[in-house]
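This report describes selected features of a protein model, with attention to its surface, its interior and its charged contacts. Please consult the sequence and the structure shown below while reading.

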Amino acid sequence: MLISVIIPVYNVVPYLRRCVESVLHQTYRSLEIILVDDGSTDESGAICDELTVVDDRIQVIHKLNGGLSDARNAGLALASGEYVVFLDSDDEWLIPDGIEQMMRRLEEKASDILLFKRVDIYPNRQTMMQDYDAEFIRAHSAQEVFERLMLTEQFCMSACFQLLRRDMLMDNHMQFPVGYISEDVDFSCKLWQTAQSVDVLNIDMYGYHHRTNSISTSYSIRSLQSYDKMFTYWKEQIVNHCINHYAIGAFMANLFVSCCYNYLSVAQKNSSEAKQILLKHQNLLNYAASKKSLRMKKVVGLVGIRIGICIFATYGWLKKQYINYKLG
């Protein structure tokens, strides 16, 4: 089976070679590696071209800057593998025979989604994910698995932590929403409503590097504006009873709490708009089902939404300060 590895690239000179080398070191050789240079203004584009000389499995797309979603969509349009996997260019794969292990599993049981685990890498420490319940996952549908992962707060919404059957994506016109921050939220919700089967390998495959200036670690009013659009869309789907609307509602309630945690990270000049967005979507707590969202629902029931937001925002800010202190 040919596997398409899609790597969006934007101004990542210090990390790009490490990322690509982690793919080239895979013992499974039937790979096409698609580097999408999304209008880089540093030497990343030139490095992409140099890497095509190193290995003829590497293809490069140079395009105008359109953001992460647009870059992933461009790579997906070019992909020809039976399965596709996304890898961010400042991260890496940690297990050289990881793809080979996944292929052996897919030969035993083909599935739309094959999950694997990530390792969170900080400057002075690493943290490992808890193992997935493989027995449960292999015995249930994708929708049932999504519900279990969400309720146990083990659901990873990033598109990077799974191998995906390309025909499923193409047949259902799966694309990343362009112009959003946290685009994986929308993509993952649609993916897990579309997929029919899911499998898992509990291998620590993905090295997720946490950087202070990366998109995933920053928070701004644009982040909340993106969540505003996604909350509005998915609330409509919930009301119209889309597939597994209970799990989607619970997932959105979880994300709403996360937005409250990050409220104090928004610039002061945008705090009023940020609060209005949170107040607009407070009814997502009606779908609370996990420990985190049920905790906030209880607090809001006691003190009201405005004070509740302040309490959870303060907790989120203090937690972030503690983590930064621990990281030195």
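Which residues form a nonpolar patch on the surface, and how much accessible area do they have together? In this predicted model, the patch is formed by Leu302, Val303, Ile307 and Ile311, and together these residues have about 370 Å² of accessible area. Two elements, helix 12 (291-303) and helix 13 (305-326), each give two or more residues to the patch. Isoleucine 311 belongs to helix 13. Its relative accessibility is 39%, so isoleucine 311 counts as partly exposed.

**The cavity**

In the interior, the structure holds one cavity of 30 Å³ or more. The space in this largest cavity is about 50 Å³. Its lining consists of Leu115, Tyr132, Leu149, Phe155, Cys156, Ser158, Phe161, Gln162 and Trp192. By class, seven of the lining residues are nonpolar and two are polar, while none is charged.

**Salt bridges**

The structure holds 20 salt bridges. Three of these pairs are listed here, each with the N to O separation of the two side chains.

| Basic residue | Acidic residue | N to O distance |
|---|---|---|
| Arginine 105 | Aspartate 199 | 2.5 Å |
| Arginine 148 | Aspartate 133 | 3.6 Å |
| Arginine 138 | Aspartate 199 | 2.8 Å |

Aspartate 199 forms a salt bridge with arginine 105. This pair links distant parts of the chain, since aspartate 199 is in strand 9 (residues 198-209) and arginine 105 is in helix 4 (residues 98-108), 94 residues apart. Are the two partners buried or exposed? Aspartate 199 has a relative accessible area of 0% and is therefore buried. Arginine 105 is also buried, because its relative accessible area is 14%, and the cut-off for buried is under 20%.

Aspartate 199 also takes part in a salt bridge with arginine 138. Arginine 138 lies in helix 5 and aspartate 199 in strand 9, so this contact ties together parts of the chain that are 61 residues apart in sequence. With a relative accessible area of 34%, arginine 138 is partly exposed, whereas aspartate 199 is buried.

Where in the chain do arginine 148 and aspartate 133 lie? The side chains of arginine 148 and aspartate 133 meet in a salt bridge. Arginine 148 is part of helix 6 (residues 142-151), and aspartate 133 sits in the loop between strand 7 (125-128) and helix 5 (134-139), so the pair ties together parts that are 15 residues apart in sequence. Both partners count as partly exposed: arginine 148 has a relative accessibility of 34%, and aspartate 133 has a relative accessible area of 38%.

A further group is also joined by salt bridges. What joins Arg72, Asp88, Glu183 and Asp184? These residues form one network through salt bridges that share partners.

**An exposed aspartate**

Aspartate 171 is placed in helix 7 (residues 166-171). Is aspartate 171 buried or exposed? At 59% relative accessibility, aspartate 171 counts as exposed, because the cut-off for this class is over 50%. Aspartate 171 and threonine 194 are 23 residues apart in sequence, and their C-alpha atoms are 10.0 Å apart in space.

Terms used. Residues numbered from 1 in each chain as written. Predicted model: local features only at pLDDT ≥ 70, side-chain atom pairs only at ≥ 80, totals over all residues. Heavy atoms only, no water. Patch = residues over 30% accessible without salt bridge, like charges linked within 9 Å, V, L, I, M, F, W, Y side chains within 5 Å. Areas by Shrake-Rupley, 256 points an atom, 1.4 Å probe, with all protein chains shown as cover. Salt bridge = Lys/Arg side-chain N within 4 Å of Asp/Glu carboxyl O. Helix = DSSP H or I, 4+ residues; strand = E, 2+ residues; numbered from the N terminus. Buried < 20%, exposed > 50% of the residue type's maximum accessible area, 1.4 Å probe, protein only. 1 Å grid on protein atoms, 1.4 Å probe; cavity = no way out; pocket = protein on both sides within 12 Å on 5 of 7 lines; lining within 4 Å. Points joined across faces, edges and corners; volume = space filled by probe spheres on them. Nonpolar A, V, L, I, M, F, W, Y, C, P; charged D, E, K, R; others polar.
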